[in-house]
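The exercises below concern the model shown next. Work through each task before reading its solution.

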Amino acid sequence: MKYVASDMTESVAEAFEELCLKCLATKIHKQCSKDGNLFRRYHLYTRPVDSLFRKNSTFLHAVYNHFKRTARRLSLGGWWNFLRETGLLLPDVTGMGRREACLCFLAARMATSDELRSLDKSRSLTYVDFLEALARTASSICPPTSIELHEWGAKGEEGLYYYYYRLEKTSNRKGPRGRIPRRPSADITAEKTRPLHEKLEPILGVVRKSLMAAFHARDEENLILQLQDSRERMLQQQRHGESPRW
C-alpha cells in the first residue's frame, strides 16, 4: 500500500516491483539469489558428470526409490533421511548442515508452471532433480582431493569414506593426523576451482559405502537388491492399509 497510496508508482504492478526490489531483495541471502542455471550450465551439464550418472544409474535409481518410500517423488524429509543415512548431513565433518541441505534441495527443483495446482511437484524432487541435488551437495561439501586424502592416510577408492568415518568417531573431530583444511571453494557461492565430477565421484563412493554398511551388504549388487526389496515391502504395506515402516 505504501507505493500505491502515495502515488510513488503509476500502477499496482510497479508498486509490487518496488516492494520486491527495495524491501525484499535486500533481505535475501546471496546464496538464495544466485542464478541456479549458472551451476547447471557450467558445472552440471558436462560429459564427465553425465557419464558418471549413467555408470551408476541402476544404483542411484534404487537409492532414489528407497528414500522416496511410497510417494511419487522425493520429499524434503526423504532428502534429509538420505543425507543422514549416508553420513553426509554432518556439519562438523562434511560441512553439510540442514541449511545447506535445504538450499541444495530447493535449487535442484525444476520450475513448475502452476505451483498452486501442482503443489506436490513444487515441493519434491523427480529422479533427475535428485541427481542435481546430489551434484550440488558434492559441490557444496567440496571433499578433499585424492592427493590430500593420500597424504592424510586415507588411500584407495574408499579413502573419503574412511576419512569422514574417522572424523565422526573421533571425539575432538580432528582425526589421527589432524583435519584437512576446508577448501575456500566449498561455499555454495564461491568460485569453483575443480571439475564437478572430481568431487561427485568420491561422494558417490561415500553414499555407496555408507549404505552397504547400514544394510550389511556384501557388494553393490546385493545392496541394490536389498534397497529394491525394502521398497517393495513398503508398497505392500501401503496396499494392505498399513503404515510403511522406515
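**Exercise 1. Determine how H12 and H13 pack against each other.**

Solution. H12 passes H13 in a right-handed crossing; a crossing is right-handed if the near helix is turned clockwise from the far one by less than a right angle, and left-handed if anticlockwise. The helices meant here are DSSP runs of H or I with at least four residues, and strands are E runs of at least two, numbered from the N terminus.

Next, the geometry. The axes of H12 (residues 159-169) and H13 come within 8 Å and cross at roughly 65°. Axes are lines fitted to C-alpha atoms, for helices over the stretch in contact, with angles from 0 to 180 degrees between N-to-C directions. H12 and H13 are therefore roughly perpendicular to each other, where 65 to 115 degrees counts as roughly perpendicular, under 35 as roughly parallel, over 145 as roughly antiparallel and the rest as oblique.

Last, the residues. H12 contributes Leu160, Tyr161 and Tyr164 to the contact, and H13 contributes Pro202, Ile203, Val206, Lys209, Ser210 and Ala213; contact means heavy atoms within 4.5 Å. By class, this contact of H12 with H13 has 7 nonpolar, 1 polar and 1 charged residues. Ala, Val, Leu, Ile, Met, Phe, Trp, Tyr, Cys and Pro count as nonpolar, Asp, Glu, Lys and Arg as charged, and the others, Gly among them, as polar.

The model is predicted: local features need pLDDT of at least 70, side-chain atom pairs count only at pLDDT 80 or more, and totals for chains, interfaces and linings use all residues. Residues are numbered from 1 along each chain as its sequence is written, and side-chain values use heavy atoms, with hydrogens and water left out.

**Exercise 2. Repeat the analysis for H5 with H13 and for H13 with H14.**

Solution. Start with H5 (residues 47-55). Its axis and that of H13 come within 9 Å and cross at roughly 20°, so H5 and H13 are roughly parallel to each other. Their crossing is right-handed. On the H5 side the contact is made by Pro48, Val49, Leu52, Phe53 and Lys55, and on the H13 side by Leu196, His197, Leu200, Glu201 and Leu204. The class count for H5 with H13 is 7 nonpolar, 1 polar and 2 charged residues.

Then take H14 (residues 220-239). H13 and H14 pack at an angle of about 65°, with their axes 10 Å apart. That makes H13 roughly perpendicular to H14. The crossing of H13 and H14 is left-handed. Arg208, Leu211, Met212 and Phe215 of H13 meet Glu220, Leu223, Gln226 and Leu227 of H14. By class, the contact of H13 with H14 has 5 nonpolar, 1 polar and 2 charged residues.

**Exercise 3. Find the residues other than glycine with a positive phi, and state whether each is buried or exposed.**

Solution. Most residues other than glycine have a negative phi. Cys142 has a positive phi of about 50° although it is not a glycine. Cys142 lies in the loop between H10 and H11 (146-152). Its relative accessibility is 4%, so Cys142 counts as buried; buried means under 20% relative accessible area, exposed over 50%, and partly exposed in between (1.4 Å probe, protein chains only).

His216 also is not a glycine and has a positive phi, of about 55°. His216 is found in the loop between H13 and H14. At 69% relative accessibility, His216 counts as exposed.

**Exercise 4. Identify the buried residues of H7 and what covers them.**

Solution. In H7 (residues 76-85), the buried residues include Gly78, Trp79, Trp80, Phe82 and Leu83. Their cover includes H6 (57-67), strand S1 (74-75), H8 (98-108), H10 (127-141) and H13 (196-215). Just after H7, Gly87 takes a positive phi of about 75°.

**Exercise 5. Describe the surroundings of Ser124 and the exposure of Val128.**

Solution. Ser124 is found in strand S2 (residues 124-125). Ser124 has 3% relative accessibility and therefore counts as buried. Not counting residues up to four places away in sequence, Ser124 touches Arg73, Leu74, Ser75, Phe105, Arg109 and Asp129.

Val128 is found in H10. With a relative accessible area of 54%, Val128 is exposed. The C-alpha atoms of Val128 and Ala108, 20 residues apart along the chain, are separated by 8.9 Å.

**Exercise 6. Summarise the protein chain as a whole.**

Solution. The protein chain has 14 helices and 2 strands. Of its 246 residues, 41% are buried. Among contacts with a separation of 6 or more, 64% come from residues 24 or more positions apart.
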